[in-house]
Amino acid sequence: MEDVLRPIAVLGGSVVITLVLVWLADRALRRMDAAHPETPLWGLLRRCRIPLQVVLCAALLRGAYDETGLKTVEEHEAGIGQTLSLVLIAATAWLTMRAAAAIVESSYSRYAASARDAARVRRVRTQVTLIQRVVTAVVTVVAAASMLLTFPEMRTVGTSMLASAGLVGIVAGIAAQSTLGNLFAGLQIAFGDMVRIGDTVVVDGEWGTVEEITLTFLTVRTWDERRITMPVSYFTGKPFENWSRGGAQMTGTVFFHLDHSAPVEKMRQRLLEVLQECPDWDGRAWSLVVTDTTPSTIMVRALVTARDADAIWAVRCEVRERMLEWLRTEHAYALPRISTAPAELDRPGARPARN
């Protein structure tokens, strides 16, 4: 009878203790979340229930599996112990990454809710995203190394590897020079505030929004929904336009090639009327001036402002369309045209055309 009750008590007791402890922890987090609604941390930590269960159950079984008295366990004691150790290490790494993600996400949410500067919010978002990925990479590497070191053969190999670590490090550094360069460039972007997630940039003549930043590459979503993936080292080694740095507000221009008789003053009045009816105009500034002339036309420049790159594009398009429509219907003579006239045959020295 004891041979049956002992394994049931050990295995069942480990499972029951795990479920009870996790239930108590989840209930405590739920109460903390209800008592402190200003921070989402406690609610996010509840995502750690499953990895916590695996960690507790693996730890309890690792410490008590040899007390089951089962013949199968005694015959494979070393293998079962090693398997439980590997599960415990992997579950601990999983729990650590979940907890770190909850802390980082909670910190960013609280900052984003209280901050008024959108540029700083994008900067913090970029930094916490890269920090979270660095933590994930470090935890994964440490967990993998710890799992390998549980094998006795790997400990012997590790001693030999340490002896040649200097040479291997030099070779690896030369071989991974580009990768390491991108890695350090990613950290420089995160903490140097050069470019942030959500910034509007122009790279290689392409206009778009920074959608993702990792330690090695950066993704730009263009206005036509294409994705341009570039190494982060590009942004530390080449010039690029960042329309969101220092504020998202922008100034745009619309050019008109018109006849010399164009009513410039009336165009100014019409431009103001168009802007007042345009919801994307932010009201900061506007103007209309003649910037250049040619023997047949004049160049008129309309200047408008908007809150960001998308809005300035909409304002420019609306101004261009409505001003041209107004000129075509009200002042058609102001549109550029090609003048033609018959040849003057009676001027001195002119010769009549031959048939």
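Let's start with one pair of residues: Gly-252 has Val-304 in β8 as its bridge partner. Everything described here belongs to a predicted model, and this bridge is a good way into one of its sheets.

**The three-strand sheet**

Strand β8 covers residues 298–306, and nine bridges join β8 to β6 in the antiparallel sense. Another residue pair set up in this way is His-257 with its bridge partner Met-299 in β8. The sheet as a whole is open and has three strands, ordered β6-β8-β7, with antiparallel pairing. Strands β6 (250–258) and β7 (281–293) take the edge positions; each has a single partner strand, so one side of each is left without a neighbour in the sheet. From one strand to the next, the twist averages 20 degrees.

The two faces of β6 are worth a look on your screen. Met-250, Gly-252, Val-254, Phe-256 and Leu-258 make up the covered face of β6, while Thr-251, Thr-253, Phe-255 and His-257 make up the uncovered one. Gly-252, where we began, is thus on the covered face, and His-257, the partner of Met-299, is on the uncovered face.

Met-299 itself lies in strand β8. Is Met-299 buried, exposed or partly exposed? With a relative accessibility of 22%, Met-299 counts as partly exposed, because the buried class requires a value under 20%. Not counting neighbours within four places in sequence, the residues in contact with Met-299 are Phe-255, Phe-256, His-257, Val-289, Val-290, Thr-291 and Asp-292. Met-299 and Leu-258 are 41 residues apart along the chain, yet 6.4 Å separates their C-alpha atoms.

**Two helices on the sheet**

Now for the helices that accompany these strands. Helix α11, residues 264–276, lies across β6, β7 and β8 and runs at about 155 degrees to β7. Helix α12, residues 309–330, also packs on the sheet, where α12 touches β6, β7 and β8; the direction of α12 makes about 20 degrees with that of β6.

How do the axes of α11 and α12 cross, and what is the angle? The two axes come within 10 Å and cross at roughly 135 degrees. That angle makes α11 oblique to α12. The crossing of α11 past α12 is right-handed. On the α11 side, the contact is made by Lys-266, Met-267, Arg-270, Leu-271, Val-274 and Leu-275, which meet Val-315, Val-319, Arg-322, Met-323, Trp-326 and Leu-327 of α12. Sorted by type, the residues of this contact are nine nonpolar, no polar and three charged.

**The five-strand sheet**

A second region to explore is an open sheet of five strands, antiparallel in its pairing and ordered β4-β3-β2-β1-β5. Its edge strands, β4 (227–231) and β5 (241–242), each pair on one side only. Strands β3 and β4 are joined in the antiparallel sense by five bridges, and Leu-218 stands opposite Met-230 in β4.

Strand β3 spans residues 217–222 and includes Thr-219. Thr-219 counts as buried, at 6% relative accessibility. Leaving out residues up to four places away in sequence, Thr-219 touches Thr-209, Val-210, Glu-211, Glu-212, Arg-227, Ile-228 and Thr-229.

Two loops of this region hold residues with a notable backbone angle. Most residues other than glycine have a negative phi. Asp-204, in the loop between β1 (200–203) and β2 (206–213), has a positive phi near 50 degrees. Glu-225, in the loop between β3 and β4, also has a positive phi, of about 70 degrees, although Glu-225 is not a glycine.

Here are the relative accessibilities of the residues discussed above:

| Residue | Relative accessibility | Class |
|---|---|---|
| Thr-219 | 6% | buried |
| Met-299 | 22% | partly exposed |
| Glu-225 | 61% | exposed |
| Asp-204 | 62% | exposed |

**The whole chain**

Stepping back, the chain has twelve helices and eight strands. Of its 355 residues, 30% are buried. Among the chain's contacts between residues at least 6 apart in sequence, 65% join residues at least 24 apart.

Notes:
Residues numbered from 1 in each chain as written. Predicted model: local features only at pLDDT ≥ 70, side-chain atom pairs only at ≥ 80, totals over all residues. Heavy atoms only, no water. Pairing = 2+ DSSP bridges. Helix = DSSP H or I, 4+ residues; strand = E, 2+ residues; numbered from the N terminus. Axes fitted to C-alpha atoms, helices over the stretch in contact; angles between N-to-C directions. Contact = heavy atoms within 4.5 Å. Parallel < 35°, antiparallel > 145°, perpendicular 65-115°, else oblique. Left-handed = near helix turned anticlockwise from the far one by under 90°. Nonpolar A, V, L, I, M, F, W, Y, C, P; charged D, E, K, R; others polar. Buried < 20%, exposed > 50% of the residue type's maximum accessible area, 1.4 Å probe, protein only.
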